[in-house]
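Let's take a walk through this fold together, one piece at a time. Keep the viewer open and click along as we go.

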Amino acid sequence: MNRKFSEELFLTNETGRKLYHTVAKQMPIIDYHCHLKPKEIWENKEFEDIGEMWLAGDHYKWRAMRTFGIEERYITGDASYYEKYVAFAKILPQLIGNPIYIWCALELKRFFGIDEPLSEANADDIYNRTKRLIREKKMTRRWCMEVSNVKIVSTTEDPIDTLEYHKKMQTDTTMKVKVLSAFRPDKAMFCEKDDFSNYIANLSNAAQKVINSFEDLLSALEKRLKFFKSIGTNISDDGIPDCTWEDYTSKEVEDIFAKAIAGKQLNEQEINQYRSAFLFEMGRMYKRNGFVMQLHVGTYLNANTSKAAAIGESTGFDCTDDRTSVKSIGTLLDRLTSIDELPKTILYPLDSSKVENFAVLAAAFCEGGTRAKVQLGAPWWFNDQVYGIERQFDAVANLYPISLSVGMLTDSRSFLSYPRHELYRRVLCNYLGNLVERGEYFSGEEELKSIVENVCYYNVKNFFGF
């Protein structure tokens, strides 16, 4: 059995191999949605070791480690990065079929030139080899992006963020990667949260505007949106755990906002009315300011409430939810379309059973003058593995042209995550190759090449106007 990384990974046909190695492989990366910390990019520190590179903020690995019963000390606790790395190395060979296994193999190969699989037996050897290479090559945060051929990344910040480090990077002549920020106003939407009034006070301070009403809130958010725009970004991102469209009047929304600010309990109808109004008004705001609207739909946040409270949010206790109906998102798009204020939109359903339905929905709101105005986003979070990517290609190509897709993103907190783009591109080329070799596609090679180039790079570049 071959026990080394294969450059033909996922490439099972000759056409796919040719497409990947001659076209997709060398295309630059635009990572238009991630959760890297701008401060870390700016400071550009050299990594301590592969334990830090792999385990400092990767909730995918944390979740997997917990399933094997590893103590939290070796996951998010006070153990050293070396100890955490050893604990992870022990379980990695058991992650057969899991994307973490392939991601780690790709990361070892691309950043360190290591072909063999990691295990408990060779953990110390690989640890020492990678640590030596980190020192020799001065592997910093920016180094990881540069060697991965990344041209643009977009981090994700709250409206109250000062964007201090984004502004610093814009004047840094040593920066080889453009770093933007996506405007994420989720906390202003969660009117039912206990800390809602505190957040509104913080937003008021950031916008230097008194917020006494829903109308004031929108004005403050738009002021902050324009601040984000001033650093050159036109990307927004709304995380929607669940949304049931509920019609409302302006007075009803103002009354709901007043109750929320006062800390009064809201009923389900009021929450739905507020979210509907909020998303509608944000869509209008994005349209008039030239922003792309990204809707990440269907997260079940902090399912394990006691662990999330003890360890923190975004530490591996989030799940998938199926409450948000396609019709509710469709109503949002329809209301915006009816007043000609629908911005370019990308839909990301986390519930994989709804992928086809959301693809059909996206096509229903495309219109003349804008290429792929509303489209299905990359397989996201729990779907960003080979099975999820293949499933989306197979399902969606029948309903929405995959040649229009803006391609892959990392959605990651890890600077080693860029091989996820490689994985996506390999699966894409193999999928297209299968169609060719089955006789289902017989247009010229140039058309096929342009499809690959567009999905890997040019579609996202043109869609966002980079």
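A handy rule to start with: the expected span of a helix is 1.5 Å times one less than its number of residues. Try that on helix H12, which runs over residues 214-229. With 16 residues it should span 22 Å, and its end C-alpha atoms do sit 22 Å apart, so the helix agrees with the rule. Bear in mind that what you're looking at is a predicted model.

Stay with H12 for a moment and look at what it hides. Its buried residues are Phe 214, Asp 216, Leu 217, Leu 218, Ala 220, Leu 221, Glu 222, Arg 224, Leu 225 and Phe 228. So what covers the buried residues of H12? Among the covering elements are two strands, E2 (150-157) and E3 (178-183). Helices H10 (186-189), H11 (196-207), H13 (250-261) and H14 (268-289) are also included in that cover.

Some of those helices meet through aromatic rings. Across the whole structure, a search turns up 24 aromatic pairs. One of them joins Phe 196 and Phe 257: the ring centres are 6.0 Å apart and the planes stand at 80°, which is over the 60 degrees needed, so the pair counts as edge-to-face. Because Phe 196 belongs to helix H11 and Phe 257 to helix H13, this pair ties together parts that are 61 residues apart in sequence. Both Phe 196 and Phe 257 are buried.

Phe 196 has another ring partner, Tyr 274. Here the centres are 6.2 Å apart and the planes lie at 85°, so this pair is edge-to-face too. It links distant parts of the chain, with Phe 196 in helix H11 and Tyr 274 in helix H14, 78 residues apart. How buried or exposed are these two rings' residues? Phe 196 has a relative accessible area of 1%, so it is buried, and Tyr 274 is buried as well, at 0%.

While we're on H13, click on Ser 250, which is found in that helix. This one is exposed, with a relative accessible area of 61%. Its C-alpha atom is separated by 34 Å from that of Cys 319, a residue 69 places away along the chain.

Now zoom out. The protein chain is divided into domain 1 (14-42 + 153-464) and domain 2 (46-139). Taken over C-alpha atoms, the centres of the two domains are 29 Å apart. Where they meet, 20 residues of domain 1 are in contact with 19 residues of domain 2.

The packing inside tells a related story. The largest nonpolar core has 96 residues, and those with the most contacts inside it are Tyr 32, Trp 54, Phe 88 and Phe 112. Helix H20 (residues 445-464) supplies the largest share of this core, 9 residues. Domain 1 and domain 2 each contribute at least three residues to the core. Apart from it lies another core, of 60 residues, including Val 297, Leu 336, Ala 362 and Val 374.

Trp 54 deserves a click of its own. Leaving aside neighbours within four places in sequence, Trp 54 is in contact with Lys 61, Tyr 85, Phe 88, Cys 104, Glu 107, Leu 108, Leu 118 and Leu 416. Ring pairs also link Trp 54, Tyr 82, Tyr 85, Phe 88 and Tyr 127 into a cluster. Elsewhere, charged side chains sit over rings: Arg 141 lies over the face of Phe 47, at 4.0 Å from the ring centre, and Lys 193 lies over the face of Phe 190, at 5.5 Å.

Two last stops. Val 292 sits in the loop between H14 and strand E5 (293-297), and at 2% relative accessibility it counts as buried. Beyond residues up to four places away in sequence, Val 292 touches Asn 234, Ile 235, Ser 236, Lys 344, Ile 346, Phe 463 and Phe 464. Arg 391, in helix H18 (residues 386-396), is partly exposed, with a relative accessible area of 24%. Not counting neighbours within four places, Arg 391 is in contact with Ser 352 and Asn 383. The C-alpha atoms of Arg 391 and Lys 167, 224 residues apart along the chain, are separated by 40 Å.

Conventions: Residues numbered from 1 in each chain as written. Predicted model: local features only at pLDDT ≥ 70, side-chain atom pairs only at ≥ 80, totals over all residues. Heavy atoms only, no water. Core = buried A, V, L, I, M, F, W, Y, C linked by side-chain atoms within 4.5 Å. Buried < 20%, exposed > 50% of the residue type's maximum accessible area, 1.4 Å probe, protein only. Helix = DSSP H or I, 4+ residues; strand = E, 2+ residues; numbered from the N terminus. Domains from an automatic or database assignment. Contact = heavy atoms within 4.5 Å. Phe/Tyr/Trp six-rings, centres within 6.5 Å; stacked < 30°, edge-to-face > 60°. Lys NZ or Arg CZ within 6 Å of the ring centre and 35° of its normal.
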